[in-house]
Amino acid sequence: MIVIGCCGTGGLKFEDYVRKFDAIELQETFYRRVRSATLIRRREMAGESFRFTMKAFQGITHPASSPTWRRSGWRPEPPERYGLLRPTEENKELWQEILENAEALS
């Protein structure tokens with residue numbers, strides 16, 4: 001099976017995008033923490049056959065000094081406990097949040 005989609009909506013409104021494509025890679029989940037309720041609404045709007053992939057939040061992979069963090073609107077405390085796939089309780093909490101987001105899309 002071939003599934004066609006883009007990374008992001010390419011400037012389209014989400015409701016227009018899902019009429020034209022079969023899949024999407026959500027970029028916003030990397031740049032900021034997204035509420036599961038938002039993703040549930042996207043799933044409902046897209047329909048059951050639509051495919052989602054998502055990037056894990058940068059808080060797990062990137063140190064707080066990374067320039068992309070400015071887009072997140074969130075300041076981790078203490079910053080040294082986040083990013084770089086560290087096995088900290090803080091990163092584990094973010095992983096749990098990401099799993100909840102993924103379940104919201106399934």
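I started with P78, which I found in the loop between α4 and α5 of this predicted model. I checked the peptide bond leading into P78 from E77 and found it cis, with omega near -10 degrees.

I then looked at other residues of that loop. L84 is found in the loop between α4 and α5, and its phi is near 55 degrees, a positive value in a residue other than glycine. L85 also sits in the loop between α4 and α5. I read a positive phi of about 55 degrees for L85, although it is not a glycine. For accessibility I noted a relative accessible area of 49% for L84, which is partly exposed. The value for L85 is 56%, and I entered L85 as exposed because the cut-off for exposed is over 50%.

I went on to S72, which is found in the loop between α4 (58–61) and α5. Is S72 buried or exposed? I have S72 at 11% relative accessibility, so it counts as buried, the limit being under 20%. Leaving out residues up to four places away in sequence, I listed Y31, R32, F57 and Q58 as what S72 touches.

Next I turned to the helices. I looked up how α3 (residues 36–46) and α5 (residues 89–105) meet: their axes come within 8 Å and cross at roughly 20 degrees. Angles under 35 degrees count as roughly parallel, so I entered α3 and α5 as roughly parallel to each other. I noted the crossing of α3 and α5 as right-handed. On the α3 side, the contact is made by S36, L39, I40 and R43, and on the α5 side by E100, N101, A104 and L105. I sorted the residues of this contact into four nonpolar, two polar and two charged.

Which residues of α3 are buried? I found T38, L39, R43 and A46 to be buried. Seen down the axis of α3, its buried residues fall within an arc of 140 degrees, so I recorded them as lining one face of the helix. I also checked what the buried residues of α3 pack against, and listed α1 (14–20), β2 (23–26), β3 (51–54) and α5. After α3 comes G47, for which I read a positive phi near 95 degrees.

My last entry is E97, whose place is in helix α5. I have E97 as partly exposed, with a relative accessible area of 23%. I looked up the C-alpha atoms of E97 and R75, which are 22 residues apart along the chain, and found them separated by 16 Å.

Methods
Residues numbered from 1 in each chain as written. Predicted model: local features only at pLDDT ≥ 70, side-chain atom pairs only at ≥ 80, totals over all residues. Heavy atoms only, no water. Axes fitted to C-alpha atoms, helices over the stretch in contact; angles between N-to-C directions. Helix = DSSP H or I, 4+ residues; strand = E, 2+ residues; numbered from the N terminus. Parallel < 35°, antiparallel > 145°, perpendicular 65-115°, else oblique. Left-handed = near helix turned anticlockwise from the far one by under 90°. Contact = heavy atoms within 4.5 Å. Nonpolar A, V, L, I, M, F, W, Y, C, P; charged D, E, K, R; others polar. Buried < 20%, exposed > 50% of the residue type's maximum accessible area, 1.4 Å probe, protein only. Arc of directions from axis to C-beta.
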